Amino acid sequence: MDKELRVIISGGGTGGHIFPAVSIANAIKSLRPDAKILFVGALGRMEMQRVPAAGYEIKGLPIRGFFRPLWKPANIGVAIDYLKSKWLAKKILKQFRPQVAVGVGGYASSAALGAANSLSIPTLIQEQNSYAGLANKTLAKSASKICVAYEGMERFFPADKIMLTGNPVRQTLLETTITREDAVRSLGLDPAKKTILLVGGSLGARTINESVLQHLDLVKSSDIQFVWQTGKYYSTSINEQLKNETIPNLKVTDFITDMGAAYKAADLVISRAGASSISEFCLIGKPVILVPSPNVAEDHQTKNALALANKDAAIYVKDAEAPAILLKLAIETVQDDAKLKSLSENVLKLALPDSAEIIAKEVIKLAQ
């Protein structure tokens, strides 16, 4: 038996970083059940709850993002926290003694992988987006391997280190055995009718929500069913606005626990264009209208969306145009069976299955 495998996995901030990180950890565990895995995250961020819930230990760093513009006085405190985080990360690594460190993006990974580099521990980066983030671009110079989800990433990274693996996604989505009919019924809806699922991530997406609120008349007059995940951030105000409305074909919820069933029920999805979501649509072959968030670094969601739209594998709607056109376009699209079929076939062609296992094998190779 090989000597005990010890791996650090770092990153987070959003579900888009956490799902791949946990998937990689699970894949390492299934290949090497003896593996000891420690996560390093940012205090106060989502990973501090989600990672322990997935069964892994996590250490938090006081790291956070810089304010824009960079000359804001508040950034002095941010810089101090960054230096403190680098010192703490080095201490954690010296105590844990990993043979390899994995970074999935997010604030914490820059400190943890920076510390790994200074201790000559091999590092692997997993970049989810079609446009590389600042942390990963900086860390790439010292990385041993860079796993990417899109072609053409040599414009950001050294070509000889790149490996096209795709993004690891939530296993539960791929393991869903429920039929479309049962999935629709589980949502209290009619399997004979077409269903549109609107999701804006766990916190919600204001533009997608506005697109529904401004066109409730279209919802009421159509024969389509809508499952609308408002996100926790917006649910109270939306429920308040809908309290005098009775709309039988609109199911409103702040959060969907079983995304596998929700996707199975949907004939068409409306979503932001985060990298993890896109990887999920590719793997399950789901027709989708993408409304990229304009509030992300380097506008990477638009680049993600265009990577699909340019191959007729998704429909792209600009955030600014969505309130006016999104709902009408979705209703027209979901009634066009030929369009749904071609979107599904084209998005499936872009799928890169077994990403987590491929990355896990690279991690184990680096450790040895």
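**Exercise 1.** Find which side chain has a polar atom 2.6 Å from the backbone nitrogen of Asp190, and place that residue in the fold.

*Solution.*
1. The side chain is that of Gln225, with a polar atom 2.6 Å from the backbone nitrogen of Asp190. The model is predicted: local features need pLDDT of at least 70, side-chain atom pairs count only at pLDDT 80 or more, and totals for chains, interfaces and linings use all residues. Residues are numbered from 1 along each chain as its sequence is written, and side-chain values use heavy atoms, without hydrogens and water.
2. With Thr195, the side chain of Gln225 makes a side-chain polar contact at 3.0 Å (a pair of N or O atoms within 3.5 Å; within protein, one must be able to donate a hydrogen and the other to accept it, and residues adjacent in sequence count only if both atoms are side-chain atoms).
3. Gln225 belongs to strand β9, residues 225-229 (strands are DSSP runs of E, at least two residues, and helices runs of H or I, at least four, numbered from the N terminus).

**Exercise 2.** Decide whether Gln225 is buried or exposed.

*Solution.*
1. Gln225 counts as buried because its relative accessibility is 4% (buried means under 20% relative accessible area, exposed over 50%, partly exposed in between, with a 1.4 Å probe and protein chains only).
2. Leaving aside neighbours within four places in sequence, the residues in contact with Gln225 include Val184, Leu189, Ile196 and Asn249 (contact means heavy atoms within 4.5 Å).

**Exercise 3.** State what share of the chain counts as buried, and its secondary structure.

*Solution.*
1. Of the 368 residues, 53% count as buried.
2. The chain has 16 helices and 13 strands.
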